[in-house]
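Hi,

Here is the structure I promised to pass on. Have a look at it first, and my notes follow underneath.

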Amino acid sequence: MKRSRQAALYSVLILCFVLTGCSSGGSDLPELAPVSGVITLQGKPLQNAQVTFVPQSGRPSNGTTDAEGRYELYYKAGVPGAVTGKHTVQITVEENMELPKNQQTVIPAKYNTRSTLEATITGTEPAKHDFDLKI
């Protein structure tokens, strides 16, 4: 009888450990804020551009612009937002991406590989960051 009580107790403890240890619950995520905006090139919406917010420490967030140049950042698949703090913003367009004929695809390095663009995310309130790129 004593062994069955111990076995039952161990079973309950293991079950509690499994249930609490395996749940994702979002607790492994840092503080995130929703981030969106519009990217334009020479005043016109930049379509199919990759927008990356690279924080001073931590994981970057990414988004892609639509036909109107609008983007929304995602920390990871299905998780919108970016970590709080100061970010370097990189904007690129893939060379093989189909773009409207009137849209230039060359984005100067000062907006991507040697980006001078910055944004600061404070708190968890939605943030809007628009960028008008000049060639």
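Accessible areas here come from the Shrake-Rupley method with a 1.4 Å probe, and for residues only the protein chains shown count as cover. On that basis the protein chain exposes about 8,900 Å², with carbon and sulfur atoms supplying 54% of it.

Some housekeeping: this is a predicted model, so local features need pLDDT of at least 70 and side-chain atom pairs count only at pLDDT 80 or more, while totals for chains, interfaces and linings use all residues. Residues are numbered from 1 along each chain as its sequence is written, and side-chain values use heavy atoms, with hydrogens and water left out.

On confidence, pLDDT is the predictor's own score for each residue, from 0 to 100. The chain averages 82, and 72% of the residues score at least 70. Please be wary of residues 15-26, where the pLDDT is below 50; beyond near neighbours in sequence, that stretch has one contact (heavy atoms within 4.5 Å) in the model.

Now the fold. There are one helix and 13 strands, taken as DSSP runs numbered from the N terminus (helices H or I, at least four residues; strands E, at least two). Along the sequence, the pattern begins with α and carries on with β. Among contacts with a separation of 6 or more, 64% are between residues 24 or more positions apart. Of the 135 residues, 32% are buried, meaning under 20% relative accessible area, with exposed over 50% and partly exposed in between (1.4 Å probe, protein chains only).

The largest nonpolar core has 22 residues. By nonpolar core I mean a set of buried Ala, Val, Leu, Ile, Met, Phe, Trp, Tyr and Cys residues joined through side-chain atoms within 4.5 Å. Those with the most contacts inside the core are Leu46, Phe53, Ile91, Phe131 and Leu133, and the elements giving two or more residues to the core are β2, β4 (50-55), β10, β11 and β13 (131-133). Leu133 touches, among others further off in sequence, Ile39, Leu46, Ile91, Ile107 and Leu117.

Two polar residues caught my eye. His87, in strand β10 (residues 85-92), counts as buried because its relative accessibility is 2%. The side chain of His87 reaches the backbone oxygen of Val83 at 2.8 Å, and the contacts of His87 beyond four places in sequence include Phe53, Pro55, Leu117 and Ile121. Thr40, in β2 (residues 35-41), is buried too, at 15%. The side chains of Thr40 and Asp132 are joined by a polar contact of 2.7 Å (a pair of N or O atoms within 3.5 Å; within protein, one must be able to donate a hydrogen and the other to accept it, and residues adjacent in sequence count only if both atoms are side-chain atoms).

Asp132 is partly exposed, at 35%, and also forms a salt bridge with Lys134, the closest N and O atoms being 2.6 Å apart. A salt bridge here is a side-chain nitrogen of Lys or Arg within 4 Å of a carboxyl oxygen of Asp or Glu, and the structure holds five. Salt bridges that share partners join Asp66, Glu68 and Arg70 into one network: Arg70 meets Asp66 at 2.9 Å and Glu68 at 3.0 Å, N to O. Arg70 is partly exposed, at 45%.

Over to you!
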